[in-house]
Amino acid sequence: MATQDVKILAKKIGVSILVYAIPLAILGGGLSLIKLLIIK
Amino acid sequence: MALDQSAAKKITRDALISVILYALPVIALVVWFTYTGETPWKNPVKDYAHVSAPAFLTFLEPVFKNLKSWGFIALALGLGVLEFALGLYDNKWTPTERKIDIVCFLAPKFLVPPVVAYFSLTLLPTLLPSYANVFSWVPFWGGFFLIAVADDLTQYWYHRLHHQIPFMWRFHRTHHSAPYMGMAMASRQNFIYTIFFSQTYLTATLIYLGLGYPALFVTAIKSLITMTAHSSIAWDKPFYKYRILHPIAWVLERLISTPATHHAHHADSADDGIGNYKGNFGNMFFLWDVIFGTGLITRQYPTSYGIKFYKEEEWYAQFLWPLFKSKKEGSELSADGPEVGDEVEATPELINA
């Protein structure tokens, strides 16, 4: 596997992690906030 | 080859819209708890999603569990045999294609589960030890809504980016190189595309956080929709044929992926006004394509499938590029091959049937 391929693979994994992490942050953060927003 | 400017603009715009879409289930839960006055996180009930689920799901639970463990494999094989018997592969299932399809069907079933199990049972508890079941207070309907949006919108983006970012295309190309539709090619993917499926790990994380029960139902329903959308037996045809069913068809084709809309995504040409291989990215929901304007609805099926610049590359190159390269000259998967066989263009706007 050439250096160029390693770069492509690394960039591809980076995009995968980003596509995973952004929704997780929105949903995890949102669900955690619910407890703070609703004070009964 | 750089990312097209107008495509980059659309990706940015749609990513911002997606933030709102991802937040919708959370907003719905806030409204629900405000309106009902419930605060289930204060008095945690074990398996709250179970307790708050509709009663009929108790009866359906074993069905969904069996579907997930062996049912879908049996269904894919049964449907595949039927497609083959009906001659729907039309002599296109050559020895090369057969090898790719069989390897792509079998190998991930052995190689992916251990990786996901390691992620769920070792990595997550190590990285987030105090977060196990932290959201188990979410009622069933909220968890179902949340998993459905999270899993499928994430796959929409994963899929779309592999089509619109030039360097990513070759990881997804194997799924499009099949010159036919059907169960034979439904699992046909480059292994690196499959093993780094973002939504697999997102849903695994949400299950770890306590949303396992609704995830069981969402993922099974999603598998059923995506499987039948790839089938060469078009279950949606009657909905277009009979006038009385047209209102149902109108809703269905905008809500979920159907054979008509997903086959259009696998067309080898867009010249006939039916194929839309640069759009129709939805997997379970077609709704994302409707929202982002990447969809094309025609209620017709393409006459030919695959990619125009296909060179029937070796199975190992299609399954494991870039770890293994094709020896076919000029192939996208060869050592000095082009990044993309044709240029990436902007997607068409939604056309109503």
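Me: Two residues are in contact if their C-beta atoms, placed from the backbone, lie within 7 Å. How many residues does the contact take from chain B and from chain A?

Reply: Residues are numbered from 1 along each chain as its sequence is written, while chains are lettered from A and ligands numbered from 1 in the order in which they are written. The model is predicted, so local features need pLDDT of at least 70 and side-chain atom pairs pLDDT 80 or more, whereas totals for chains, interfaces and linings use all residues. The contact between the chains takes 22 residues from chain A and, from chain B, 29 residues.

Me: Which element supplies the largest share of the side of chain B that touches chain A?

Reply: Helices (H or I, at least four residues) and strands (E, at least two) are DSSP runs, numbered from the N terminus. Two or more residues come from each of α1 (5-36), α5 (140-164) and α9 (198-230) of chain B. The largest share, 8 residues, belongs to α1(B).

Me: How many charged residues are there on the side of chain B that touches chain A?

Reply: Ala, Val, Leu, Ile, Met, Phe, Trp, Tyr, Cys and Pro count as nonpolar, Asp, Glu, Lys and Arg as charged, and the others, Gly among them, as polar. On this side of chain B, 23 residues are nonpolar and 6 are polar, and the charged class has no residues.

Me: What box do the C-alpha atoms of chain A fill?

Reply: Chain A has 1 helix and 0 strands. Taken along the principal axes, the box of its C-alpha atoms is roughly 60 × 10 × 10 Å.

Me: Is A:Leu31 buried or exposed?

Reply: A residue is buried if 20 or more other C-beta atoms lie within 10 Å of its own, exposed if 12 or fewer, and partly exposed in between, with C-beta atoms placed from the backbone. Of the 40 residues of chain A, 20% count as buried. A:Leu31 sits in helix α1 (residues 3-37) of chain A. Because 23 other C-beta atoms lie within 10 Å, A:Leu31 is buried.

Me: Which residues is A:Leu31 in contact with, leaving aside its neighbours within four places in sequence?

Reply: A:Lys11 is 20 residues away from A:Leu31 in sequence and 30 Å away in space, C-alpha to C-alpha. With neighbours within four places set aside, the contacts of A:Leu31 are B:Val26, B:Phe135 and B:Val138.

Me: How is α1(B) oriented to α5(B)?

Reply: Angles between axes run from 0 to 180 degrees between N-to-C directions, the axes being lines fitted to C-alpha atoms, for helices over the stretch in contact. Here the axes are 10 Å apart at an angle of about 175°. Angles under 35 degrees count as roughly parallel, over 145 as roughly antiparallel, 65 to 115 as roughly perpendicular and the rest as oblique. The angle therefore makes α1(B), relative to α5(B), roughly antiparallel.

Me: How many nonpolar residues are in the contact of α1(B) with α5(B)?

Reply: The α1(B) side includes B:Leu21, B:Leu29 and B:Trp32, and the α5(B) side includes B:Phe145, B:Leu153 and B:Trp157. No charged residues are in this contact; 3 are polar, and the nonpolar ones number 15.

Me: What is the orientation of α4(B) to α9(B)?

Reply: The axes of α4 (residues 95-127) of chain B and α9(B) come within 10 Å and cross at roughly 40°. Residues that meet there include B:Phe119 and B:Leu124 in α4(B), and B:Tyr201 and B:Tyr208 in α9(B). The crossing angle therefore makes α4(B), relative to α9(B), oblique.

Me: Which residues does a cis peptide bond join?

Reply: Most peptide bonds are trans. The cis bond has an omega of about 5°. One partner, B:Pro322, is placed in the segment after α14 (315-320) of chain B. The joined pair is B:Trp321 and B:Pro322.

Me: Is B:Asn280 buried or exposed?

Reply: B:Asn280 lies in the loop between α12 (259-265) and α13 (287-292) of chain B. Its phi is positive, about 50°, although it is not a glycine. Because 26 other C-beta atoms lie within 10 Å, B:Asn280 is buried.

Me: What does B:Glu312 count as, with its C-beta neighbours inside 10 Å?

Reply: B:Glu312 also has a positive phi, about 45°, and is not a glycine. It belongs to the loop between α13 and α14 of chain B. Because it has 14 C-beta neighbours inside 10 Å, B:Glu312 counts as partly exposed.
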